[in-house]
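Reader: Before I trust any labels, I'd like to see how each one is earned. Can we go through them one by one?

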Amino acid sequence: MKFAISKEKGKISIEDLPMPEPKQGELLVKMRACGVCGSDIHYYTTGKIGSQGVQYPFTVGHECAAVVERVGASVTRVKPGDRVVALTRFNAYAERVAVSAEQAFPIPDAMSFEEAAAIPVNYLTAWQSMFEMGNLRRGDRILIT
């Protein structure tokens, strides 16, 4: 089951869809929490995802905290039962999703699923903006308003 968006702006439905199968290098994870980022809200309010074409029904969500259910061929870093936070590139608003094992990271025992799900887009966006795009280095100053 997943939340899907129809071609009509802002119309959301809940649909039963086939269970995703993890391909080589992927994990099948069962969602426990997902983040809500700016692009998710933008899509709901405008009906557009930048210039990217999408197929409907379309499921938003770029980040999730989940439990690994199955692993695809060649995956050795995680195993079923592990708690992970993952970047999904869409589809996080689903009960289960197949994600790249390279985009899934262990959740520390002391961290909740909700806390973990809030990390990827928010903090990675800030990191990339400051250190990769902004070239911030030791000794530099930055003003964040």
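**Labels and cut-offs**

Author: Let's start with Asp-82, which counts as buried at 19% relative accessibility. Bear in mind throughout that this is a predicted model.

Reader: Why is Asp-82 called buried?

Author: Buried means under 20% relative accessible area. Asp-82 has 19%, so the label applies.

Reader: What makes Lys-79 and Asp-82 a salt bridge?

Author: Their closest N and O atoms are 3.0 Å apart. The limit is 4 Å, so the pair qualifies. A search of the whole structure turns up 4 salt bridges.

Reader: How do you know that Glu-95 and Arg-96 form a salt bridge?

Author: Here the N to O distance is 3.6 Å, which is within 4 Å, so this pair counts too. Salt bridges with shared partners also tie Glu-69, Glu-95 and Arg-96 into one network. As for exposure, Glu-95 has 32% relative accessibility and is therefore partly exposed.

Reader: What makes the Arg-70 and Glu-21 pair a link between distant parts of the chain?

Author: The two residues are 49 apart in sequence, with Arg-70 in strand β4 and Glu-21 in the loop between β2 (12-15) and β3. Their side chains meet in a salt bridge at 2.8 Å, N to O.

Reader: Why is Glu-21 called exposed, and why is Arg-70 called partly exposed?

Author: Exposed means over 50%. Glu-21 has 53%, so it passes. Arg-70 has 33%, which falls in between 20% and 50%, so partly exposed is the right label.

Reader: How do you know that Glu-26 has no salt bridge?

Author: The nearest side chain of opposite charge is Lys-23, and that is 5.0 Å away. A salt bridge needs a distance within 4 Å, so Glu-26 goes without one, although it is buried. Glu-26 is part of strand β3 (residues 26-34), and its contacts beyond four places in sequence include Glu-21, Val-71, Ala-98 and Val-99.

Reader: What makes β3 and β6 a pair of strands?

Author: Two strands pair if there are at least two bridges between them. β3 and β6 have 5 bridges, so they pair, and the sense is antiparallel. Across that pairing, Leu-27 stands opposite Val-99 in β6. Strand β6 (residues 96-100) has Val-97 and Val-99 on its covered face, with Arg-96, Ala-98 and Ser-100 on the uncovered one.

Reader: Which residues have the most contacts inside the largest nonpolar core?

Author: That core has 20 residues, and Leu-27, Val-29, Cys-64, Val-68, Val-78, Val-84 and Val-99 have the most contacts inside it. The elements giving two or more residues to this core are β3, β4 (63-71), β5 (83-87) and β6. Apart from it lies another core of 7 residues, including Ala-33, Ile-107, Phe-113 and Ala-116. In soluble globular proteins, nonpolar side chains tend to be buried together.

Reader: Why is the pair of Trp-127 and Phe-131 called tilted?

Author: The ring centres are 4.2 Å apart, and the limit is 6.5 Å, so the rings pair. Their planes meet at 40°, neither under 30 degrees nor over 60, so the pair is tilted. The count comes to 1 aromatic pair. Trp-127 and Phe-131 are 4 residues apart in helix α3 (residues 120-133), so about one helical turn separates them.

Reader: What makes both of them partly exposed?

Author: Trp-127 has a relative accessible area of 46%, and Phe-131 has 27%. Both values lie in between 20% and 50%, so each is partly exposed.

Conventions: Residues are numbered from 1 along each chain as its sequence is written. This is a predicted model: local features need pLDDT of at least 70, side-chain atom pairs count only at pLDDT 80 or more; totals for chains, interfaces and linings use all residues. Side-chain values use heavy atoms; hydrogens and water are left out. Buried means under 20% relative accessible area, exposed over 50%, partly exposed in between (1.4 Å probe, protein chains only). Lys and Arg count as positive and Asp and Glu as negative; His and the chain ends are not counted. Contact means heavy atoms within 4.5 Å. A nonpolar core is a set of buried Ala, Val, Leu, Ile, Met, Phe, Trp, Tyr and Cys residues joined through side-chain atoms within 4.5 Å. Rings of Phe, Tyr and Trp (its six-membered ring) pair if their centres lie within 6.5 Å; planes under 30 degrees apart count as stacked, over 60 as edge-to-face and the rest as tilted.
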